[in-house]
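Grab a pencil and have a look at the chain shown here. Work through each exercise yourself before you read the solution.

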Amino acid sequence: MDIDWAALGSVFGVSLVVTVALVGLFTLGIVGLSKQESASAKGDSAALAVTGAYACFAACAAAVAYGIYLIVA
């Protein structure tokens with residue numbers, strides 16, 4: 001049995017980068033929703049933050065759906 005270390009390292013690197021990116025996107029979504037809560041407590045509007053948060057959540061869902069598509073196909 002032979003292990004292709006270059007391919008294994010490549011898969012590890014890509015999965016690490018994608019994982020960090022997805023966690024970062026999800027974190028930005030949570031921050032956007034928290035801005036909405038603090039703005040509503042002050043009586044202000046945070047429509048841009050909420051829109052950005054939903055866009056981040058949609059990008060996370062799209063990335064997960066694409067990953068599932070790659071696994072199933």
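**Exercise 1.** How many disulfides does a search of the whole structure find?

*Solution.* Keep in mind that this is a predicted model.
- Step 1: Recall that a disulfide is a covalent bond between the sulfur atoms of two cysteines.
- Step 2: Run the search over the whole structure, and it turns up zero disulfides.
- Step 3: Check C56, which is in no disulfide; its nearest cysteine sulfur belongs to C60 and sits 6.9 Å away.
- Step 4: Compare with the cut-off: two cysteine sulfurs must be within 2.5 Å to count. At 6.9 Å from the sulfur of C56, the sulfur of C60 is too far for a bond.

**Exercise 2.** Decide whether C56 and C60 are buried or exposed.

*Solution.*
- Step 1: You need the cut-off here, and buried means under 20% relative accessible area.
- Step 2: C56 has 13% relative accessibility, so it counts as buried.
- Step 3: C60 comes in at 10%, so this cysteine is buried too.
- Step 4: Put that beside the chain total: of the 73 residues, 11% count as buried.

**Exercise 3.** Describe the overall build of the chain: which elements does it have, and is it compact or spread out?

*Solution.*
- Step 1: Count the elements, and you get two helices and zero strands.
- Step 2: Take the radius of gyration, which is 18 Å, and set it against the 11 Å that the globule rule gives for 73 residues. The value is well over the rule, so the chain is more spread out than a compact globule.
- Step 3: Now picture the box that the C-alpha atoms fill: roughly 65 × 25 × 15 Å along the principal axes.
- Step 4: Add the surface: the chain exposes about 5,700 Å², and carbon and sulfur atoms supply 73% of that.

**Exercise 4.** Find how many aromatic pairs there are, then work out what kind of pair F26 and F57 form.

*Solution.*
- Step 1: The count comes to two aromatic pairs.
- Step 2: For F26 and F57, the ring centres are 5.2 Å apart and the planes make an angle of 55 degrees, which is a tilted pair.
- Step 3: Place the partners: F26 is in helix α1 (residues 5-42) and F57 is in helix α2 (residues 47-72). They are 31 residues apart, so this pair links distant parts of the chain.
- Step 4: Check the exposure: F26 is partly exposed at 43%, and F57 is partly exposed at 22%.

**Exercise 5.** For A58 with G29, and S45 with V17, set the separation in sequence beside the distance in space.

*Solution.*
- Step 1: A58 lies in helix α2 and is partly exposed, with 45% relative accessibility.
- Step 2: A58 and G29 are 29 residues apart in sequence, and their C-alpha atoms are 9.5 Å apart in space.
- Step 3: S45 is in the loop between α1 and α2, and at 66% relative accessibility this serine counts as exposed.
- Step 4: S45 and V17 are 28 residues apart in sequence, and the C-alpha distance is 34 Å.

**Exercise 6.** Which residues make the nonpolar surface patch of about 570 Å²?

*Solution.*
- Step 1: The members are M1, I3, W5 and L8.
- Step 2: Locate one of them, I3, in the segment before α1.
- Step 3: I3 has 43% relative accessibility, so it counts as partly exposed.

Notes:
Residues are numbered from 1 along each chain as its sequence is written. This is a predicted model: local features need pLDDT of at least 70, side-chain atom pairs count only at pLDDT 80 or more; totals for chains, interfaces and linings use all residues. Side-chain values use heavy atoms; hydrogens and water are left out. Helices (H or I, at least four residues) and strands (E, at least two) are DSSP runs, numbered from the N terminus. The radius of gyration is taken over C-alpha atoms; the globule rule is 2.2 Å times the number of residues to the power 0.38. Buried means under 20% relative accessible area, exposed over 50%, partly exposed in between (1.4 Å probe, protein chains only). Accessible areas come from the Shrake-Rupley method with a 1.4 Å probe; for residues, only the protein chains shown count as cover. Rings of Phe, Tyr and Trp (its six-membered ring) pair if their centres lie within 6.5 Å; planes under 30 degrees apart count as stacked, over 60 as edge-to-face and the rest as tilted. Patches are made of residues with over 30% relative accessible area and no salt bridge: like charges are joined within 9 Å, nonpolar side chains (Val, Leu, Ile, Met, Phe, Trp, Tyr) within 5 Å. A salt bridge is a side-chain nitrogen of Lys or Arg within 4 Å of a carboxyl oxygen of Asp or Glu.
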